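This briefing is intended for a reader who has the sequence and the model at hand. It proceeds by topic, from one helix and its surroundings to the chain contacts and selected loop residues.

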Amino acid sequence: MNTGHYWLVIGGVLFVLLNTAAGLIWLERRMLALWQDRYGPNRAGPFGLLVVLADTIKLFFKEDWIPPFADKVVFVFAPAVVVASVLMSFTVIPFAPNVVVADFNVGLLFFLAMSSMGVYSIVLGGWASNNKYALLGAMRGASQMISYEVFMGLSLMGVVVLSGSFNLREIVEAQRGGWYILPQCIGFLIFFIAGIAETHRLPFDIPEAESELVAGFHAEYSGMKFGMFFIGEYMGITLISAMVVTLYFGGWLGPAFLPPVIWFVLKTFVFIMLFILLRASMPRPRYDQLMEYGWKILFPLSLVNLMVTAAIKLISNE
Amino acid sequence: MDLTFYIAAAIAVFSTVMVVTRFNIMHALLYLIVSLLSVAVIFYLYGAPFMAALEIIIYAGAIMVLIIFFVMMLNLGPETARQEKEWLRPGMWLLPALLCAVLLGELVYLIAQSKTPVTGITPVPPKEVGRSLFGPYILAVELSALLLMAGIVGAYHLGRQKKKILHRFFESNAS
């Protein structure tokens, strides 16, 4: 891979990602409206597409207020962490045979590491705000994300056992014989649920439950700092969808009448829509129900999944 | 390669010094995270990508989050920072600094003495780590598993709640 191609990939990935995250805001509002039998934003531009632009301009012109009681440095630093950690995760995702920023031999672990770094944005944002609602949101967020990270990692190990590699490109290549969704359907379900909790989307948006906690950990944020949390959330959705596609749905593999990148984008899009549909249709569980569901059901299930997968692999190898 | 190592090492040393000298515990913890991340970079540079990833996932991503979580719940404000400032007068630094200086001198002397400079880095893939962990070092793995098991049992014992009886009507059923 020469340098020109490399920079092209980096620039392309950044361009597509940031625009996808912005476009998702419009898409989500339109789709939610469709499923709830109303119109949604349809005034600015064709199909209301420019509503994102209008929102961004509004965010830029808003007063960017740092509360006097906040810890200033940490307060400013926190929103950057979420965007940075999600963008870093995208470096290891293979979008097509030759389109990957870093072909990393521990790519899967790198993804897990970056997603665990993402917790800090919530914790630090909530703590630095020095506000009781923000602190409550941050505490909920930290405990939710730490516990769901545990079996997020465990559920992925089934894929690692089957493919024998942490490298995401090799994992995709190993799925030529058949996508991992069939042998790893339980692992997929656990990963997807944990992914929703990691991106703290509805139904697991307990850190920012607006009916209980004003706006949760970002209650004190305004202007573009809030925008960073917002964009980070949508990029998180894209990331989890892309990971699901890479690990369980054959990544860029697909019939040859479409180029690999198109296959990848199409599959990712399906899962993004699933995220939005979940938001439209599911109620929010109580906090203790969430933790109980995680530790008492998903955690043992992911362990059993890993053990059974490993046993089958061991028997079939002999 | 060398330059990246020196940058990462300088960040590690600097952030660790900052951890020790901060009065606000939250800032100290943030510097500790930076220190762990730079150590992970050094692991990666010297052929241990698996260790680097685990360093970030476990130390920076899980243990530090838990510590920050508890510090957050303690609700330490500017008052504690002021109190800390009073406790840590310049005179307090004297003896620890002296002891550390002696250790540093010894370390520098030993490194200067050793005749085998680090040459040629052999990357250790995750498979090798697994093989050696569950091969020659299986005893250590089992021992740490034992320790963790004891921790889980202890945590369960501490966290177990007695059944609360809210009304005398339920007392006969509850016992």
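**Helix α5 of chain A and its surroundings**

Asn130(A), located just after α5(A), adopts a positive phi of about 60°. The model is a predicted one. The points below begin with the helix that precedes this residue and then turn to the contact between the chains, the nonpolar core, a helix pair and individual residues.

**Enclosure of α5(A)**

- Of the 11 residues of α5(A), 11 are buried, so this helix is largely enclosed by the rest of the structure.
- The buried residues of α5(A) include the aromatic residues Tyr120(A) and Trp127(A), together with Gly125(A) and Gly126(A).
- Serine is also represented among the buried positions of α5(A), at Ser121(A) and Ser129(A).
- The cover over these buried residues includes α3 (72–89), α4, α6 and α10 from chain A, and chain B contributes α2 (25–45) and α3 (49–74).

**Contact between chains A and B**

- Chain A places 18 residues in contact with 15 residues of chain B.
- On the chain A side, the elements that supply two or more residues are α4 (107–117), α5 (119–129) and α6 (132–163).
- Helix α4(A) gives the largest share of that side, with six residues.
- The side of chain A that touches chain B comprises 16 nonpolar residues, two polar residues and no charged residues.

**Nonpolar core**

- The largest nonpolar core contains 109 residues.
- The residues with the most contacts inside this core are Leu109(A), Phe110(A), Ala113(A), Val123(A), Ala138(A), Val244(A) and Ala53(B).
- Helix α10(A) provides the largest share of the core, 15 residues.
- Leaving aside residues up to four places away in sequence, Leu109(A) touches Phe166(A) in addition to Ala53(B) and Ile57(B).

**Packing of α8(A) against α10(A)**

- The axes of α8 (residues 185–198) and α10 (residues 223–248), both of chain A, come within 10 Å and cross at roughly 165°.
- Since angles over 145 degrees count as roughly antiparallel, that crossing angle makes α8(A) roughly antiparallel to α10(A).
- The crossing of α8(A) past α10(A) is right-handed.
- From α8(A), the residues Phe188(A), Phe191(A), Phe192(A), Gly195(A) and Glu198(A) take part; they meet Ile240(A), Val244(A) and Tyr248(A) of α10(A).
- By class, the residues of this contact are six nonpolar, one polar and one charged.

**Positive phi in loops of chain A**

- Most residues other than glycine have a negative phi.
- Asp37(A), which is not a glycine, has a positive phi near 65°, and this residue lies in the loop between α1 (3–35) and α2 (51–61) of chain A.
- Asp37(A) is exposed, because 6 other C-beta atoms lie within 10 Å and a residue with 12 or fewer counts as exposed.
- His200(A), also not a glycine, has a positive phi of about 35° and is situated in the loop between α8 and α9 (210–213) of chain A.
- His200(A) is buried, because 24 C-beta neighbours lie inside 10 Å and the cut-off for a buried residue is 20 or more.

**An exposed residue of chain B**

- Glu79(B) belongs to helix α4 (residues 78–87) of chain B and is exposed, with 8 other C-beta atoms within 10 Å.
- Glu79(B) and Asn24(B) are 55 residues apart along the chain, and a distance of 9.7 Å separates their C-alpha atoms.

Technical notes: Residues are numbered from 1 along each chain as its sequence is written. Chains are lettered from A and ligands numbered from 1 in the order in which they are written. This is a predicted model: local features need pLDDT of at least 70, side-chain atom pairs count only at pLDDT 80 or more; totals for chains, interfaces and linings use all residues. Axes are lines fitted to C-alpha atoms, for helices over the stretch in contact, and angles run from 0 to 180 degrees between N-to-C directions. Helices (H or I, at least four residues) and strands (E, at least two) are DSSP runs, numbered from the N terminus. Angles under 35 degrees count as roughly parallel, over 145 as roughly antiparallel, 65 to 115 as roughly perpendicular and the rest as oblique. A crossing is left-handed if the near helix is turned anticlockwise from the far one by less than a right angle, and right-handed if clockwise. Two residues are in contact if their C-beta atoms, placed from the backbone, lie within 7 Å. Ala, Val, Leu, Ile, Met, Phe, Trp, Tyr, Cys and Pro count as nonpolar, Asp, Glu, Lys and Arg as charged, and the others, Gly among them, as polar. A nonpolar core is a set of buried Ala, Val, Leu, Ile, Met, Phe, Trp, Tyr and Cys residues joined through C-beta atoms within 7 Å.
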